[in-house]
Amino acid sequence: IPIPDYEKYTQGIFSDVIREQSPKQLKLIRGKLYELLTKCIEPEEIFRIVGGQLVQWAKNQAPGERLMIEVLSGTCEFDQRCKQGGKPIVHLEAYIAKMMTVVHLTKSNQFKQE
């Protein structure tokens, strides 16, 4: 079964997060998120795809389980906030910013294992 185009596009957002963590990149990703939302892709689906990709990435990183917990809890937290109200783009962008921070800390070996 072929993967839908929106899913491939959403997986590209994950790749963008891993490739570069900067305000410029966040702005580009915001545009992609907005495009998905205007195509009637539910925010929950975006959280599911990006979060799932981030969990797979976290499994292969040094902090391991602690990093996976951070990714999963962040995904659940922002998904829940999105469901409680407000504009989905705000919550999705905040989620991406948080995950960019987690990725950056992991890549620079500053992610704390507790």
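Here is a chat about how the labels on this predicted model are earned.

Reader: What should I know before we start?

Author: It's a predicted model, so local features need pLDDT of at least 70 and side-chain atom pairs count only at pLDDT 80 or more, while totals for chains, interfaces and linings use all residues. Residues are numbered from 1 along each chain as its sequence is written, and side-chain values use heavy atoms, with hydrogens and water left out.

Reader: Why is Gln-25 called buried?

Author: Buried means under 20% relative accessible area, exposed is over 50%, and partly exposed is in between (1.4 Å probe, protein chains only). Gln-25 has 6% relative accessibility, so it counts as buried. You'll find Gln-25 in helix 2, residues 23-38. (Helices are DSSP runs of H or I with at least four residues, and strands are runs of E with at least two, numbered from the N terminus.)

Reader: What is Gln-25 in contact with, leaving aside its neighbours within four places in sequence?

Author: Asp-16, Arg-19, Glu-20 and Met-100. Contact means heavy atoms within 4.5 Å.

Reader: What makes Asp-16 and Arg-19 a salt bridge?

Author: The rule asks for a side-chain nitrogen of Lys or Arg within 4 Å of a carboxyl oxygen of Asp or Glu. For Asp-16 and Arg-19, the closest N and O atoms are 2.3 Å apart, and they do form a salt bridge. The two are three residues apart in helix 1, so about one helical turn separates them. Asp-16 is buried at 7% relative accessibility, whereas Arg-19 is exposed at 58%.

Reader: Which other salt bridge does Asp-16 form?

Author: One with Lys-32, where the closest N and O atoms are 2.6 Å apart. That pair links distant parts of the chain, with Asp-16 in helix 1 and Lys-32 in helix 2, 16 residues apart. Lys-32 has 25% relative accessibility, so call it partly exposed.

Reader: How do you know that Cys-76 has no bond to Cys-82?

Author: A disulfide is a pair of cysteine sulfur atoms within 2.5 Å. The closest cysteine sulfur to that of Cys-76 is in Cys-82, 13 Å away, so it's too far for a bond. At 52% relative accessibility, Cys-76 counts as exposed. The structure holds zero disulfides.

Reader: What makes Phe-47 and Tyr-95 edge-to-face?

Author: Rings of Phe, Tyr and Trp (its six-membered ring) pair if their centres lie within 6.5 Å; planes under 30 degrees apart count as stacked, over 60 as edge-to-face and the rest as tilted. Phe-47 and Tyr-95 sit 5.1 Å centre to centre with 70 degrees between the planes, which fits edge-to-face. Phe-47 is in helix 3 and Tyr-95 in helix 5, 48 residues apart.

Reader: And why is the pair of Phe-78 and Tyr-95 called tilted?

Author: Their ring centres are 6.1 Å apart and their planes are at 55 degrees, so the pair is tilted. Phe-78 lies in helix 4 (residues 65-84) and Tyr-95 in helix 5, so this pair ties together parts 17 residues apart in sequence. Phe-78 is buried at 6%, and Tyr-95 is buried at 1%. Ring pairs link Phe-47, Phe-78 and Tyr-95 into a cluster.

Reader: What lies over the face of Phe-78?

Author: Arg-81, at 4.8 Å from the ring centre. To sit over a ring, NZ of Lys or CZ of Arg must be within 6 Å of the ring centre and within 35 degrees of the ring normal. Arg-81 also meets Glu-77 in a salt bridge, 2.5 Å from N to O.
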